[in-house]
Amino acid sequence: MTSPDPPSGAPAQPAEPSTERLERAVRAAETALIEYEIAVETFRVEVDNFSRLHQQRLGPVYARLDELDALIAEAVAARSGDPEDARRAREARAAVAPLPGVEELLGGWVQPEGLSPEAQAMLTGQPVRPPQRVRPGEEARRRYRELVRRVHPDLATEEGDRVRREEFLVRVNRAYADGAEAALAALAEEWEAGPRPEPDALGQAEQLYDRLEWLSARKEWLARVVDELESGAVGSMLKLAGGDPDGLLEEIAENLAGQVREREARLAELTADRP
């Protein structure tokens, strides 16, 4: 979106009808931007959840493949006695069990709010929670869209209201990422009960042009965010999913299971005649 150019020979301060048209253009651009931000946030949540679910479901299979690769390399080295094969075996084993630093040891166990649910389950003996949904349910998606359209910071016309909306939207995004329909409903009630900022006129044409430029810059930034998400490994997988990310996970799992069987058969061949 680009700011409209003023007509040739227009006065420095446009007449009232031109200002009204600019106001309508600003409102239309604000609405379009909010809808775009909703779509971007929805996609970001799907990417994050798919990444987490992918790791939870398939991480052990990837670990098994790495272990089999190390065992195969070690079996080949034991058979050949070749120093180069021995070097490959050491590298494969190091990839399976690297010597981690402190941060790597804590990675995934400690989150900003404390121990992760998986770590707490391990320490308390409770069962680990099942993998989360790839995407929030349809009702959560509907509530999220409606709420964002009402509270989005781009609707603010003064700084105090913008800050309030930004802080509230953080809570809305968190509830949506968790798929918490009840939390989204409670947030909607809280917003309705909160203070309603007084409407503030947008002002003159120069301010409206500045607003259009800001909206355009914001949309360009969001487009870059989308490009980064789509070009990443998880985003690329989601594009291949065709609306069925769970099905894609099952397909990947089947492929990996086949690779595990092939490696296990290869390892059995290499170790069949060993004492």
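Read from the N terminus, the elements of the protein chain go α-α-α-β-β-α-α-α-α-α-α-α, which adds up to 10 helices and two strands. The model is a predicted one. Of the 275 residues in the protein chain, 31% are buried. About 16900 Å² of the protein chain is exposed, with carbon and sulfur atoms supplying 54% of that area. Taking contacts between residues at least 6 apart in sequence, 75% link residues at least 24 apart.

On to the nonpolar cores. The largest one holds 20 residues, and Val47 and Phe50 have the most contacts inside it. Helix H1 (16–80), H9 and helix H10 (245–271) each put in at least two residues of this core, with H1 giving the largest share, nine residues. Leaving aside residues up to four places away in sequence, Val47 touches Leu229, Val234, Gly235 and Leu238. Another core, of 17 residues, lies apart from this one; among its members are Ile34, Ala140, Tyr176 and Leu187.

Three of those Val47 partners turn up again in helix H9 (residues 233–241), whose buried residues are Val234, Gly235, Leu238 and Ala241. These four sit on the same side of H9 because they cover an arc of only 105° around the axis. The general background is simple: an α-helix has 3.6 residues a turn, so residues three or four places apart point the same way. Over on the other side of H9, Ala233, Lys239 and Leu240 are exposed. Right after H9 comes Gly242, with a positive phi near 60°.

Conventions: Residues are numbered from 1 along each chain as its sequence is written. This is a predicted model: local features need pLDDT of at least 70, side-chain atom pairs count only at pLDDT 80 or more; totals for chains, interfaces and linings use all residues. Side-chain values use heavy atoms; hydrogens and water are left out. Buried means under 20% relative accessible area, exposed over 50%, partly exposed in between (1.4 Å probe, protein chains only). The arc is that of the directions from the helix axis to the C-beta atoms. Contact means heavy atoms within 4.5 Å. Accessible areas come from the Shrake-Rupley method with a 1.4 Å probe; for residues, only the protein chains shown count as cover. A nonpolar core is a set of buried Ala, Val, Leu, Ile, Met, Phe, Trp, Tyr and Cys residues joined through side-chain atoms within 4.5 Å.
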